[in-house]
Amino acid sequence: MKKIKLESDQFQQQKGILKLTIRDTGSGIREEDISKLFNIFTQVGENSSRRLGTGLGLFICKHLVKKMNGDIRIYSQFGVGTVIIICIPIQVPQQAEEEIEMELEVNRTASRRKLTGRRES
C-alpha cells in the first residue's frame with residue numbers, strides 16, 4: 001500500500017524557513033531519472049506514456065519555489081520510495097515568533113510527561 005506523508009518543520013519555521021517534507025512509499029525513482037523530473041512535459045519510469053498527467057507538476061513546483069527564493073530537492077531509492085524537500089524563506093512577525101516559542105515549550109513539556117509518565121509542576 002502506498003503512503004504519502006507531509007511534514008512541516010516548526011523549528012525551521014522559527015528560523016525563517018518554511019520546510020516541507022513529502023514522503024511516499026511508492027515504487028521510487030531510478031537515480032538516472034531524478035534529474036529529468038523538473039523538465040517540462042516529462043514523465044519518468046516504466047509505462048510513463050500511459051500514465052495520467054502531463055508532466056507539468058514538478059516543473060511548475062520548481063518555478064514557484066524558485067520565485068519565492070526557495071529550493072526543492074528530491075531523494076529517491078528505486079523500489080522503496082521518494083522524499084521531496086521544499087525550503088522557502090519566510091518572514092515571521094515578532095508576535096508569531098513568541099507564539100511559536102511558547103508552542104515549542106508546551107510540546108517539549110508534553111513530550112517529557114510522556115517519557116516520565118508524570119506531570120511537571
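How exposed or buried is C61?

Let's work through this structure together. This is a predicted model, in which local features need pLDDT of at least 70, side-chain atom pairs count only at pLDDT 80 or more, and totals for chains, interfaces and linings use all residues. Residues are numbered from 1 along each chain as its sequence is written, and side-chain values use heavy atoms, with hydrogens and water left out.

**Exercise 1. Classify C61 and C87 by accessibility, then look for disulfides.**

Step 1: Recall the classes. Buried means under 20% relative accessible area, exposed means over 50%, and partly exposed lies in between (1.4 Å probe, protein chains only).

Step 2: C61 has a relative accessible area of 32%, so C61 is partly exposed. C87 is at 27%, so C87 counts as partly exposed too.

Step 3: A disulfide is a covalent bond between the sulfur atoms of two cysteines. Here a disulfide is counted when a pair of cysteine sulfur atoms lies within 2.5 Å. The structure holds zero of them.

**Exercise 2. Describe the elements of the protein chain and the confidence in them.**

Step 1: Helices (H or I, at least four residues) and strands (E, at least two) are DSSP runs, numbered from the N terminus. The chain has four helices and four strands.

Step 2: Read from the N terminus, their order is β-α-β-α-α-β-β-α.

Step 3: pLDDT is the predictor's confidence in each residue, from 0 to 100. The chain's mean is 76, with 65% of its residues at 70 or more. Among the elements, β3 has the highest mean, 92, and helix α1 (residues 10-14) the lowest, 59.

**Exercise 3. Find the largest nonpolar core and say which strand gives the most to it.**

Step 1: In soluble globular proteins, nonpolar side chains tend to be buried together. A nonpolar core is a set of buried Ala, Val, Leu, Ile, Met, Phe, Trp, Tyr and Cys residues joined through side-chain atoms within 4.5 Å.

Step 2: The largest one has eleven residues: I29, I34, L37, F38, V44, V65, I72, I74, I84, I86 and I88. Strands β3 (71-77) and β4 (81-89) each supply at least two residues of this core, and β4 gives the most, with three.

Step 3: Zoom in on I34, which lies in helix α2 (residues 31-34). At 17% relative accessibility, I34 counts as buried. Contact means heavy atoms within 4.5 Å. Leaving aside neighbours within four places in sequence, I34 is in contact with I29, I74 and S76.

Step 4: Now take I86, another member of the core. With neighbours within four places again left aside, its contacts are L18, K19, L20, I22, V65, D71 and I72.

**Exercise 4. Describe the backbone and surroundings of N69.**

Step 1: N69 sits in the loop between α3 (57-67) and β3.

Step 2: Its phi is positive, about 60°, although N69 is not a glycine.

Step 3: N69 has 64% relative accessibility, so it counts as exposed.

**Exercise 5. Search for aromatic pairs and for a charge over a ring.**

Step 1: A charge sits over a ring if NZ of Lys or CZ of Arg is within 6 Å of the ring centre and within 35 degrees of the ring normal. The charged end of R30 sits over the ring of F78, 3.9 Å from its centre.

Step 2: Rings of Phe, Tyr and Trp (its six-membered ring) pair if their centres lie within 6.5 Å; planes under 30 degrees apart count as stacked, over 60 as edge-to-face and the rest as tilted. Searching the whole structure gives zero aromatic pairs.
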